[in-house]
Amino acid sequence: MPNSESKMKQVWNRIKEWLVVIGPGLIVMLADTDAGCLITAAQSGNQFGYAMVLPQIALIPVLFMVQEITVRLGIITKKGHGELIREYFGKKWAYVSAITLLISVIGAMITEFIGIAGVGELFGISRWVTIPATTVFLIGIALIGSYHRVERIGIAFGIFELMFIIGIFMVHPDMGQMVTEMVHMPFHDKSYVFMIAANVGAVIMPWMIFYQQSAVIDKKLKPKMIKKARTDTLVGTFITQGIMIGFVVLFAATTFTKGSVELNTVGDLVHELELFIGPNASKAILGSSLFGGAIVAAIVVALAGTWDMTEVLNWRHSLNEKLNKQNYGFYSMYAAVLIIPAIMVLFMENMVDIAVSIEVMNALMVPIVLGFLLLLEARALPEKYRMHGTYKWTVIISSLTVMAFGLYMLGPSLNLW
């Protein structure tokens, strides 16, 4: 009995250790498959079928390698991303970084509210109801004054994204056809290259880097927890890319098979899918996935933008403090990051195209964000915690490839080629 009790105690202690660490990587990855990303993945499958599956698979290691750097930076330096940029590169570059992030955050928040508005309209609820109500709800979550609680709420909503799995089983995609067609990628088609850019921007987003680095600090993770924190990030990476690939497959197996159609709203996505699985199932599956992704992403994105801006301005910026005179600026910034995009979406039309364009915009900003990340990894960390050997060069080459792709996209975006 004593040995049995001792083993049970050891098991429980290990579980508690994991529970302390798990969260930042998982929630940021669930947020990575936000409404805009899911809409982009659906449009990818609708336009190009299974040809967009392989690029999504290729992004799995890149996404993990980028985000695990933030884990080491946050845990070892105890400083947020914006704070480190200010310290090592000066205020001017910190402001450049902050402006880059702010553009990304506003764009991302627009896509979240597009998703929320679209889901509400599926059930006959006006965006003039869903968007203000959601904004008030999200502001209220932050006022709890506890990072742990906010994280749990976010993950709970993010789980609803997995509803798409039911849709996959209902449409029965042809696995043989998928394997055959996924290797035929029409790079000669400018529209295909543009959509790849949208998917790169949908997977590697500036706000993710800022969020996870600040989150591991607010969660008070220690150096001995780095390995577990990386595992948390790895698991989250496979989940987020599994969701993205799932949405590509869902629409490749349905709308693409009968000829690509124009999808301009969330309602269009549901209408096209309901031809294959019925109206109720289509509403439930897409509605749950888009709404869950939009809520968890809205929490993460708003916090990422708020943390960075307040770090650059050297304001108090912890989510573990309830509203008071000292941190009034932090919570005011958080509210502004939510309210401004919410008002913008109330007057927008053709929302699917807007969501895809925003993801392309993210791809254009990737070179700036990854450039700072790699430089900080080399300068801000002690030698012991830096990358070494083959892994180091794999990360650098992968990051430079993604950065080059982002720079290349300046051409189509500015109609240069």
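Is Ala 342 buried or exposed? To answer this in the viewer, begin with the whole chain and then move inward. The model is predicted.

**The whole chain**

Display the chain as a cartoon. The fold contains 19 helices and zero strands. Of the 417 residues in the chain, 57% are buried. Next, draw the contacts between residues with a separation of 6 or more: 87% of them join residues 24 or more positions apart. A surface representation completes the overview, with about 17200 Å² exposed by the chain. Carbon and sulfur atoms supply 67% of that exposed area.

**Stop 1: helix α16 and Ala 342**

Select residues 328-345, which form helix α16, and highlight Ala 342 within this helix. Ala 342 has a relative accessible area of 4% and is therefore classed as buried, the cut-off being under 20%. Now show its neighbours as sticks. Leaving aside residues up to four places away in sequence, Ala 342 touches Phe 113, Ile 131 and Thr 135. For a long-range distance, pick the C-alpha atoms of Ala 342 and Trp 128: they are separated by 9.9 Å, while the two residues lie 214 residues apart along the chain.

Return to the helix as a whole and colour its buried residues. Among them are the aromatic residues Phe 330, Tyr 331 and Tyr 334, together with Met 333, Val 337 and Leu 338. Pro 341 and Val 345 also belong to the buried set of α16. A distance label between the end C-alpha atoms of α16 should read 26 Å; this agrees with expectation because 18 residues at 1.5 Å a residue should span 26 Å.

**Stop 2: helix α6 and Ile 110**

Select residues 91-122, helix α6. Why does its end-to-end distance of 46 Å agree with expectation? The helix has 32 residues, and at 1.5 Å a residue these should span 46 Å, so the separation of its end C-alpha atoms fits.

Within α6, centre the view on Ile 110. Its relative accessible area is 6%, so Ile 110 counts as buried. Label the distance from Ile 110 to Met 348: their C-alpha atoms are separated by 9.6 Å, although their positions lie 238 residues apart along the chain. Then step past the end of the helix to Gly 124, which takes a positive phi of about 75 degrees just after α6.

**Stop 3: helix α3**

Select residues 35-48, helix α3. The helix comprises 14 residues and reaches 20 Å from its first C-alpha to its last, close to the 20 Å expected at 1.5 Å a residue. Colouring by accessibility shows that α3 is mostly covered, with 13 of its 14 residues buried. Just after α3, inspect Gly 49, where phi is positive at about 60 degrees.

**Stop 4: the crossing of α4 and α11**

Select helix α4 (residues 53-77) and helix α11 (residues 190-203) together. Their axes come within 11 Å and cross at roughly 35 degrees. The crossing is right-handed. Which residues of α4 and α11 meet? On the α4 side, show Pro 55, Gln 56, Leu 59 and Leu 63; on the α11 side, show Tyr 192, Ile 196, Asn 199, Val 200 and Val 203. The residues of this contact divide into seven nonpolar, two polar and no charged.

**Stop 5: the loop between α4 and α5**

Move to the loop between α4 and α5 and select Lys 78. Lys 78 is not a glycine, yet has a positive phi of about 60 degrees. With a relative accessible area of 42%, Lys 78 is partly exposed.

In the loop between α4 and α5, select Gly 80 as well. Gly 80 is buried, with a relative accessible area of 2%. Residues up to four places away in sequence aside, Gly 80 touches Gln 213, Ser 214, Ile 217 and Glu 311. A C-alpha to C-alpha label from Gly 80 to Val 312 gives 9.4 Å, for residues 232 apart in sequence.

**Stop 6: His 172**

Finish in the loop between α9 (164-171) and α10 (175-182), where His 172 is placed. Is His 172 buried or exposed? Its relative accessible area is 64%, so His 172 is classed as exposed. Its phi is positive, at about 50 degrees, although His 172 is not a glycine.

Technical notes: Residues numbered from 1 in each chain as written. Predicted model: local features only at pLDDT ≥ 70, side-chain atom pairs only at ≥ 80, totals over all residues. Heavy atoms only, no water. Helix = DSSP H or I, 4+ residues; strand = E, 2+ residues; numbered from the N terminus. Buried < 20%, exposed > 50% of the residue type's maximum accessible area, 1.4 Å probe, protein only. Contact = heavy atoms within 4.5 Å. Areas by Shrake-Rupley, 256 points an atom, 1.4 Å probe, with all protein chains shown as cover. Expected span 1.5 Å × (residues − 1). Axes fitted to C-alpha atoms, helices over the stretch in contact; angles between N-to-C directions. Left-handed = near helix turned anticlockwise from the far one by under 90°. Nonpolar A, V, L, I, M, F, W, Y, C, P; charged D, E, K, R; others polar.
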